[in-house]
Amino acid sequence: MTTVLSLAEREEISRGLALNASSRTIAAPLERAPQTVSRNLGRHGGRAKYRAAVAKERARDNAHRPKSCRLQNNWALRDPVADKLAADLSPQLIFG
């Protein structure tokens, strides 16, 4: 599950980093898990390079990147679905 951080939360993370605070200390007032803060830091440059606005933009871009559908990447699922579609079954019946 993806946890979306607001720009204000990301700015709080930046302020905590400026104070050399731990992920646990930064996460507590945000009411977030320390792992959320740590993962966010890891994705967006680490403790030395983290910038709130840049992290927010990168997160937005990553959320909207082109993503392939499940059938495109899974031939074991794709072939039976294609056969059922060829037999004129509706998608609702196939996936129902």
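**Helix packing, core and selected residues**

T36 is buried, with a relative accessible area of 9%. The model described here is predicted. T36 is found in helix 3. Beyond the four places on either side of T36 in sequence, this residue touches T3 and L5. L5 is in turn one of the residues of the largest nonpolar core.

That core has eleven residues. L5, I13, L17 and A21 belong to it. So do I26, A27, L30, V37, L41, Y50 and A55. Three helices, namely helix 1, helix 2 (23-30) and helix 3 (34-43), each supply at least two of these residues. The most comes from helix 2, which gives three.

Contacts around the core member I26 were examined next. With residues up to four places away in sequence not counted, I26 touches I13, L17, A21 and V37 among others. I13, L17, A21 and V37 are also listed in the core. The contacts of I26 further include E12 and G16.

S23 lies in helix 2. A relative accessible area of 16% falls under the 20% limit for a buried residue, so S23 is classed as buried. Neighbours within four places in sequence are again left aside. S23 is then in contact with P34, V37, S38, L41 and R47. Of these, V37 and L41 are core residues.

The packing of helix 1 against helix 5 was also described. Two packed helices are described by the angle between their axes and the distance between the axes. The axes of helix 1 (residues 7-18) and helix 5 (residues 52-63) come within 8 Å. They cross at roughly 135°. Helix 1 and helix 5 are therefore oblique to each other. The crossing of helix 1 past helix 5 is right-handed. On the helix 1 side, the contact is made by L7, R10, E11 and S14. Helix 5 contributes A52, A53, A55, K56 and A59. By class, five residues of this contact are nonpolar, one is polar and three are charged. A55 takes part in the helix contact and is also listed in the nonpolar core.

Two loop residues have a positive phi. N20 lies in the loop between helix 1 and helix 2. The phi of N20 is about 60°, although N20 is not a glycine. Relative accessibility is 63% for N20, which therefore counts as exposed. E31 is found in the loop between helix 2 and helix 3. E31 is not a glycine either, yet its phi is positive, at about 55°. At 74% relative accessibility, E31 counts as exposed.

V4 is placed in the segment before helix 1. Relative accessibility of V4 is 61%, so this residue counts as exposed. Two residues are in contact with V4 once neighbours within four places in sequence are left aside, namely E9 and R32. Along the chain, V4 and R15 are eleven residues apart. Their C-alpha atoms are separated by 18 Å.

How values were computed. Residues numbered from 1 in each chain as written. Predicted model: local features only at pLDDT ≥ 70, side-chain atom pairs only at ≥ 80, totals over all residues. Heavy atoms only, no water. Axes fitted to C-alpha atoms, helices over the stretch in contact; angles between N-to-C directions. Helix = DSSP H or I, 4+ residues; strand = E, 2+ residues; numbered from the N terminus. Parallel < 35°, antiparallel > 145°, perpendicular 65-115°, else oblique. Left-handed = near helix turned anticlockwise from the far one by under 90°. Contact = heavy atoms within 4.5 Å. Nonpolar A, V, L, I, M, F, W, Y, C, P; charged D, E, K, R; others polar. Core = buried A, V, L, I, M, F, W, Y, C linked by side-chain atoms within 4.5 Å. Buried < 20%, exposed > 50% of the residue type's maximum accessible area, 1.4 Å probe, protein only.
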